[in-house]
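User: Could you walk me through this model before I set anything up? I'd like to go over the sheets, the helices on them and any internal space.

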Amino acid sequence: MFGIRRPLRRAVPLGLPTAWGALAVTYKPTCPPAQQQGLGARIVTSAVFFAVGTGLVVHVRRTLLRELRQARRVAGAAQSALLRPLPPCVGGLDVAVARLSADRGATVGGDPYEVVATEHGVRVVMGDVRGHGLSALSTVAAVLGSFREAAYDEADLGLVLRRLDRALARHLRESAQDGTDTPVAEEFVTVLLLEIARDGAVRALNCGHPWPYLLRGPRVEPLVRADPLPPPGPFPLPPDLTAAPCGPLSCGESLVLFTDGAAEARDARGRFFPLPAALADAVRHRPVPARHLLHAVRAALLRHTAGRPADDVALLVLQNGRERAALGARDGDMTGTAAS
């Protein structure tokens, strides 16, 4: 039964163009007006062929649009599974994220990121894969897959980085065996790892990635000014991978992580996007929630690039809301006690 239905489903879309084609072929020899040489007969014949041609074009266009919509649904599901949406709160931190792909129609590019709450604290990864758009997705999958396991398993942040490095090396070897066009020696991924403890203490390991900006009231400053380690891939990791202490992230303060696509975005005159100035403008008058801060910076970036960034962009805002959450919980307990 199912074997009969499948050929029928394939044949139905071909029925209408086949009928139109048969009409066009049989019209000339069988229709008397088509055999006449007068002006009126020629006009009728031209109208018939024009209608047939238009119908064929419209049918083909509708078929292609259906296939395109289906392909976009499949691609969107796959991309969302790879770079899944982040919850608005992770381990007491308010989270907001935005991503822009340099490939038109793609929602995921070469900028992996993830935020997970573990027994060791909230752990964050952000990276930047060489290249951009859909071509970088396999490397993004290797990095994120390794991090999502190691972040829970490893107590030391340095061991998490070593797991990521081994996963990337394995991926590059497999890519070389598959005969990719890009030499393995030219492949690399910048990686930033953060660990935020319950008391707000921040520790970091940075391999070639831009340092995040720390927002304290109206002030915008880099989290750390030290030089990062070389990016994994072409360079071996040093023996000592001790995470650097970066001070506390107090209540109401924010960390803004970003990729080179944001810092190096240019306008029509070749000027770089002033990311620190955009952050300062967003918090100049009063503290703003993480999602509002992200929306303001994203809008400024799109205005700067006229909506067409040349590289993948990822922006991630982490805001310490633990004391506000605890205060809300205490208020809720007091309300419940009074009501009882």
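Analyst: What follows goes through the two topics of sheets and cavities in turn, and please keep in mind that this is a predicted model.

User: ok, which strands make up the sheet of 5, and in what order?

Analyst: The order is β3-β4-β5-β6-β9 in an open sheet, and the pairing is antiparallel. At the edges stand β3 (113-118) and β9 (244-248), each of which has a single partner strand, so one side of each is left without a neighbour in the sheet. From one strand to the next, the twist averages 20 degrees.

User: how many bridges hold β5 and β6 together?

Analyst: The antiparallel pairing of β5 (residues 189-196) with β6 (residues 201-207) runs over 6 bridges. Within that pairing, L192 has N206 in β6 as its bridge partner.

User: and which helices sit on that sheet?

Analyst: Helix α4, which covers residues 137-153, lies across β3, β4 (121-129) and β5, and its direction is at about 10 degrees to β3. Helix α5 (residues 157-177) also packs on the sheet, where it touches β4, β5 and β6, and its direction makes about 155 degrees with that of β5.

User: now the other sheet, the one with 6 strands. What's the order?

Analyst: That open sheet has the order β1-β2-β11-β10-β7-β8, again with antiparallel pairing. Its edge strands are β1 (89-90) and β8 (219-222), each pairing on one side only.

User: what does the β7 and β8 connection look like?

Analyst: The two strands form a hairpin with 2 residues between them, and G217 in the turn has a positive phi of about 60 degrees. Their antiparallel pairing extends over 4 bridges, with Y213 opposite P222 in β8 and L214 opposite E221 in β8.

User: and how many bridges on the β10 side of β7?

Analyst: There β7 and β10 run antiparallel and are joined by 3 bridges, and L214 has L255 as its bridge partner in β10.

User: which helices pack there?

Analyst: Helix α7 (residues 275-282) lies across β7, β8 and β10, running at about 25 degrees to β7. Helix α8 (residues 290-304) packs on the sheet as well, touching β2 (93-100), β7, β10 and β11 (313-320), and its direction makes about 20 degrees with that of β2.

User: switching topic, how many aromatic pairs are there?

Analyst: The count comes to 1 aromatic pair. The ring centres of Y213 and F258 are 5.4 Å apart and the ring planes are at 10 degrees, so this pair is stacked, given that planes under 30 degrees apart count as such. The pair links distant parts of the chain, since Y213 belongs to strand β7 (residues 213-216) and F258 to strand β10 (residues 254-258), 45 residues apart.

User: last one, how many cavities turn up, and what lines the largest?

Analyst: Searching the whole structure gives 3 cavities of 30 Å³ or more, and the largest cavity holds about 70 Å³ of space. Its lining consists of L215, R216, G217, G252, S254, V283, P287, V288, L293 and Q319.

User: is that lining nonpolar, polar or charged?

Analyst: It is a mixture, in that the lining residues of the largest cavity divide into 5 nonpolar, 4 polar and 1 charged. One of these lining residues is G217, which we met above in the turn of the hairpin between β7 and β8.

Notes: Residues numbered from 1 in each chain as written. Predicted model: local features only at pLDDT ≥ 70, side-chain atom pairs only at ≥ 80, totals over all residues. Heavy atoms only, no water. 1 Å grid on protein atoms, 1.4 Å probe; cavity = no way out; pocket = protein on both sides within 12 Å on 5 of 7 lines; lining within 4 Å. Points joined across faces, edges and corners; volume = space filled by probe spheres on them. Nonpolar A, V, L, I, M, F, W, Y, C, P; charged D, E, K, R; others polar. Pairing = 2+ DSSP bridges. Axes fitted to C-alpha atoms, helices over the stretch in contact; angles between N-to-C directions. Contact = heavy atoms within 4.5 Å. Phe/Tyr/Trp six-rings, centres within 6.5 Å; stacked < 30°, edge-to-face > 60°.
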